[in-house]
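I opened the model to look up its charge pairs, its surface patches and its helix geometry. My entries follow in the order I made them.

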Amino acid sequence: EEKKAQLDELKSIVNGIRLFNKEAGKGGAGLESFEVDAPNKVAELSAVISSEIDAMNEVCQEYQEVIVFSNLRKPVDVTEF
């Protein structure tokens, strides 16, 4: 876990250096421009969020059905707390 955190930090540092060099005109080959990359990332994120919302709606619907079913099938001699 610690090694993963260290590698993530190193990756961030290297990307920062590459971005700086690209802006300075001294490198940064292979880096997409923010204007090109951002809309694609936003579209990907939007699709993931939409998928997660759909999944959570299904889970909520299932819970609702269980609650309704359990209330309809409640034995007469059981008292509530």
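Before listing patches I fixed the term: a patch is made of residues with over 30% relative accessible area and no salt bridge, with like charges joined within 9 Å and nonpolar side chains (Val, Leu, Ile, Met, Phe, Trp, Tyr) joined within 5 Å. Accessible areas come from the Shrake-Rupley method with a 1.4 Å probe, and for residues only the protein chains shown count as cover.

I noted that this is a predicted model, in which local features need pLDDT of at least 70 and side-chain atom pairs count only at pLDDT 80 or more, while totals for chains, interfaces and linings use all residues. Residues are numbered from 1 along each chain as its sequence is written, and side-chain values use heavy atoms, with hydrogens and water left out.

Entry 1, nonpolar patch. I found Met56, Val59, Tyr63 and Ile67 forming a nonpolar patch on the surface, with about 400 Å² of accessible area together. I placed Val59 in helix α2 (residues 34–72); helices are DSSP runs of H or I, at least four residues, numbered from the N terminus. Val59 counts as partly exposed because its relative accessibility is 34%; the scale is buried under 20%, exposed over 50%, and partly exposed in between (1.4 Å probe, protein chains only).

Entry 2, negative patch. I also listed Asp54, Glu58, Glu62 and Glu65, which gather in a patch of negative charge on the surface. Asp and Glu count as negative, Lys and Arg as positive, and His and the chain ends are not counted. The place of a charge is taken as CG of Asp, CD of Glu, NZ of Lys or CZ of Arg. Asp54 is in helix α2 and is partly exposed, at 43% relative accessible area.

Entry 3, salt bridge. How many salt bridges does the structure hold? I counted one, taking the term as a side-chain nitrogen of Lys or Arg within 4 Å of a carboxyl oxygen of Asp or Glu. Asp8 pairs with Lys4, and their closest N and O atoms are 3.1 Å apart. Both lie in helix α1 (residues 2–24), four residues apart, about one turn of the helix. Asp8 is partly exposed at 34% relative accessibility, whereas Lys4 is exposed at 52%.

Entry 4, helix α1. I checked the span of α1: its 23 residues at 1.5 Å a residue should cover 33 Å, and the end C-alpha atoms are 33 Å apart, which agrees. The expected span is 1.5 Å times one less than the number of residues. Just after α1, Gly25 has a positive phi of about 75 degrees.

Note on methods. Helix = DSSP H or I, 4+ residues; strand = E, 2+ residues; numbered from the N terminus.
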